[in-house]
Amino acid sequence: MPMTPLNMTHPFLDADGDKLREECGIFGAINAADASAATALGLHALQHRGQEAAGIVSYDGKEFFVRRGLGHVAENFSSPEAIAELLGHMAAGHVRYSTTGGSGLRNVQPLYADLASGGFAVAHNGNISNAMTLRSDLVNKGSIFQSTSDTEVIIHLVATSRYPTIADRLVDALRLVEGAYALIVMTPEGMIGCRDPLGIRPLVMGRMGDAILFASETVAFDVVGAEVIREVEPGELVMVDFSGEIRSVRPFGSPAPRPCIFEHVYFSRPDSVFAGRSVYEARKAIGTQLAIEAPCEADLVVPVPDSGVPAAIGFAQQSGVPFELGIIRSHYVGRTFIAPSDGARHSGVKRKHNANRALVAGKRIVLIDDSIVRGTTSMKIVEMMREAGASEVHFRVASPPTAHSCFYGVDTPERSKLLAARMDLEPMRQFIKADSLAFVSIDGLYRAVGSQKRNAACPQFCDACFTGDYPTRLTDLALSDQKPAELPFADPKAA
C-alpha cells in the first residue's frame with residue numbers, strides 16, 4: 001500500500017469520487033504447474049479491489065521474475081508472451097488503487113528485493129498506521145528506500161532483523177508494525193501467507209491439485225478452479241515449502257478478531273464468502289433489516305447499481321414493495337483521469353447511471369445504496385429520479401453513516417469531506433434532496449452479518465468508519481496532529 005498522508009483522497013477515483021475503495025487485492029500460488037497464469041486469472045477475479053495497477057512476481061527455483069504495469073490485469077497479463085516471462089512453480093500478484101502521490105510504477109506490487117538470505121517479494125493488502133514513524137527511524141539508520149510504499153518498510157525491517165530464519169525475521173518485523181495487513185511473501189524457501197493479529201484485512205487459503213493458493217477473496221478460487229481450504233486466521237503465518245509441507249504459527253497471541261465489516265457491505269464481490277458468511281446473503285439480510293428499521297411507503301424499490309442490488313432485493317422481499325431496475329448502469333464508462341472537481345463528479349454520475357424513465361415516472365421511489373460518503377453522488381441520483389418524473393424519492397442506506405476515516409487500507413476522504421461527519425440526519429436529507437433518508441443501525445448491521453448485536457466492549461468487527469472505535473494505535477496520525485507531511489519526492493509518471 002502507498003505510504004502517503006493519512007486521511008487523503010487519491011485523484012483517480014471513479015468519476016464521481018464518492019465511493020469508499022478497497023485499495024488492494026492479492027493472490028499467490030505455490031507448487032502450481034502454471035503458477036503465473038493462475039495468478040493472473042486470480043487477479044482478474046479480484047480486479048474490483050484495485051484498478052490502477054497490477055503486478056506479478058514468480059520464482060523458478062533459481063531466479064525471481066518481475067512484471068508490473070499500470071492499468072488493469074488484462075492490459076498487462078493477457079498475452080502468452082507476458083505469462084511466459086514469469087517462469088516457475090511459485091507466483092504472487094497484486095492489484096491496487098493508489099492514493100495521493102502514490103500512483104507511479106515504483107509503487108506497484110509485489111515489491112521485490114535481494115536480501116542477504118536471497119530474494120524476497122511481498123504483496124500487501126492493508127495499511128501500516130505507523131509506517132512514517134518506522135521509515136524515519138530506518139532512514140536515520142541508513143536504509144535507502146526506492147518507493148513511497150508502506151510495504152517497503154516491511155522489507156527493510158526484515159532485512160535488518162538479526163534473527164536467523166526468514167520466517168523469524170518476518171515475525172520480528174511484524175511485531176513493530178501497527179495497522180492492518182494481509183501479506184503474501186515469497187522467498188527461495190517457499191511462500192508465506194499471513195494476516196495482522198486482528199484479521200482486519202482478509203486472506204483465504206485454497207488448493208488446486210498439489211498447489212496451495214492464497215487470495216483476498218474466495219471468488220478468486222472459484223475462477224481458477226480451486227477449492228477453499230479455510231481462512232488464514234488473524235495473527236497466523238502459514239508457511240508452504242516446495243515439498244508441499246504446510247506449517248502454521250501464531251506468534252502474536254490470540255486477541256479478539258476485528259475483520260473489516262465493510263467487506264460485507266461493499267468491498268467483496270457478492271459471490272465471495274467472508275468471515276464464514278456469503279457476502280450476497282449478508283447484503284440481502286442488511287436490506288431486510290433496513291426494511292424492518294426504516295419502512296417506506298413506495299411503489300418501487302430501486303437499487304443504485306451495482307452495489308445496492310442485493311440489499312434492495314432484501315428490502316423489497318421484506319417490505320413487499322416491488323423491486324425494479326429504475327436506474328440502468330453503463331458498464332463501459334472508462335475511468336477518468338481528470339481532476340476530481342465537483343463538475344467532473346457530477347458529469348461522471350450521469351455518464352455511469354441513467355434513469356429508466358418509462359418505469360419511474362409518476363412513481364414513489366425508494367432508492368437503496370450501500371453507503372453515503374461525500375453525498376454528491378446521492379444528491380445527483382435523487383435529482384436524476386426527480387427529472388425522470390418520480391413523484392417521491394426516498395433514500396435508504398445499507399450501512400450506518402460513514403462518519404470517520406479509515407486508516408487500514410481503504411481509500412477514504414479526509415473526515416471533513418464525509419457528509420455524516422458534518423451533518424446530522426435531517427441536514428443530510430436536505431443536502432441530498434430526498435423526501436426521507438434512513439441508514440441501517442449499527443446493531444442492525446451486526447445482526448445481518450450473523451451477530452445478535454454489536455458488543456461495545458469488544459466489537460466483533462472493525463467498524464471504525466461508522467463508530468470511530470479504531471482497534472489499533474494510529475501513531476503517524478497522532479504524531480502529525482492529523483497533518484502528516486508528504487514524502488520528500490513525487491512519483492514519476494512513467495517507469
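**Entry 1: strand β3 and its partners**

Before looking at pairing I noted the rule that two strands pair if DSSP finds at least two bridges between them. I also noted that I am working on a predicted model.

I began with β3 and asked which strand it is joined to by 7 antiparallel bridges and forms a hairpin with. The strand is β4, residues 64-70, which runs antiparallel to β3 and is joined to it by 7 bridges. When I looked for a single pair within this ladder, I found that the bridge partner of Ser58 in β4 is Phe65. The two strands form a hairpin with 4 residues between them, and in the turn Gly61 has a positive phi of about 95 degrees.

I then turned to the pairing of β3 with β5 (residues 90-96), which is antiparallel and runs over 7 bridges; here Val57 has Ala92 as its bridge partner in β5.

Next I checked burial, taking as buried a residue with under 20% relative accessible area. Of the 7 residues of β3 (residues 53-59), 7 are buried, so this strand is largely enclosed by the rest of the structure. I went through the faces separately and found both covered, with Ala53, Gly55, Val57 and Tyr59 buried on one side and Ala54, Ile56 and Ser58 buried on the other.

**Entry 2: the sheet that holds β3**

I followed the pairing outwards and arrived at an open sheet of 7 strands, paired antiparallel, in the order β4-β3-β5-β2-β11-β10-β12. The strands at its edges are β4 and β12 (227-231), each of which pairs on one side only. From one strand to the next, the twist averages 15 degrees.

I looked up β2 (residues 24-30) as well, and it is joined to β5 by 7 bridges in an antiparallel arrangement, with Ala29 facing Ala91 of β5 as its bridge partner. Helix α1 (residues 35-45) packs on this sheet, where it touches β2, β3, β5 and β10 (204-208), and its direction makes about 20 degrees with that of β5.

**Entry 3: a second sheet and two helices**

I then traced another open sheet, in which 6 strands follow the order β6-β7-β8-β9-β13-β14 with antiparallel pairing. At its edges stand β6 and β14 (246-249), each with a single partner strand, so one side of each is left without a neighbour in the sheet. Neighbouring strands here are turned by 20 degrees against each other on average, direction ignored. Within the sheet, β7 and β8 run antiparallel and are joined by 8 bridges, and the bridge partner of Ala123 in β8 is Ile184.

Two helices pack on this sheet, and I took them in turn. Helix α5 touches β6, β7 and β8, and its direction makes about 15 degrees with that of β6. Helix α6 touches β6, β7, β8, β9 and β13, and its direction makes about 160 degrees with that of β8.

How many of the 10 residues of α5 (residues 151-160) are buried? I found 8, so to speak of this helix as mostly covered is fair; the buried residues include Glu152 and His156. They pack against β6 (111-115), β7 (118-128), α4 (131-140), α6 (166-174) and β8 (179-187).

For α6, 7 of the 9 residues are buried, so this helix too is largely enclosed by the rest of the structure. The buried ones are Ile166, Ala167, Arg169, Leu170, Val171, Ala173 and Leu174, and they pack against β6, β7, α5, β8, β9 (190-195) and β13 (237-241).

**Entry 4: the nonpolar cores**

I asked which residues of the largest nonpolar core touch the most other members. Among its 46 residues these are Phe262, Val301 and Leu445. Elements that each supply at least two residues of this core include α8 (262-267), β20 (364-369) and α16 (442-448), and α9 gives the most, with 6 residues. Apart from this core lies another, of 30 residues, among them Leu115, Ile128, Leu237 and Phe252.

I looked at Phe262 more closely and, leaving aside its neighbours within four places in sequence, found it in contact with Leu20, Phe267, Ser371, Thr402, Cys465 and Phe466.

**Entry 5: cavities**

Last, I looked for enclosed space and found 4 cavities of 30 Å³ or more. The second largest has a volume of about 90 Å³. Of the 13 residues lining this second largest cavity, the closest to its centre are Cys260, Phe262, Cys406, Val410 and Cys465. Helices α8 and α17 each supply at least two residues of its lining.

Conventions:
Residues are numbered from 1 along each chain as its sequence is written. This is a predicted model: local features need pLDDT of at least 70, side-chain atom pairs count only at pLDDT 80 or more; totals for chains, interfaces and linings use all residues. Side-chain values use heavy atoms; hydrogens and water are left out. Buried means under 20% relative accessible area, exposed over 50%, partly exposed in between (1.4 Å probe, protein chains only). A nonpolar core is a set of buried Ala, Val, Leu, Ile, Met, Phe, Trp, Tyr and Cys residues joined through side-chain atoms within 4.5 Å. Contact means heavy atoms within 4.5 Å. Axes are lines fitted to C-alpha atoms, for helices over the stretch in contact, and angles run from 0 to 180 degrees between N-to-C directions. On a 1 Å grid over the protein atoms alone, a cavity is a set of points where a 1.4 Å probe fits but cannot get out, and a pocket is an open set with protein on both sides within 12 Å along at least five of seven lines; lining residues have an atom within 4 Å of a point. Grid points are joined across faces, edges and corners, and a volume is the space filled by probe spheres set on the points.
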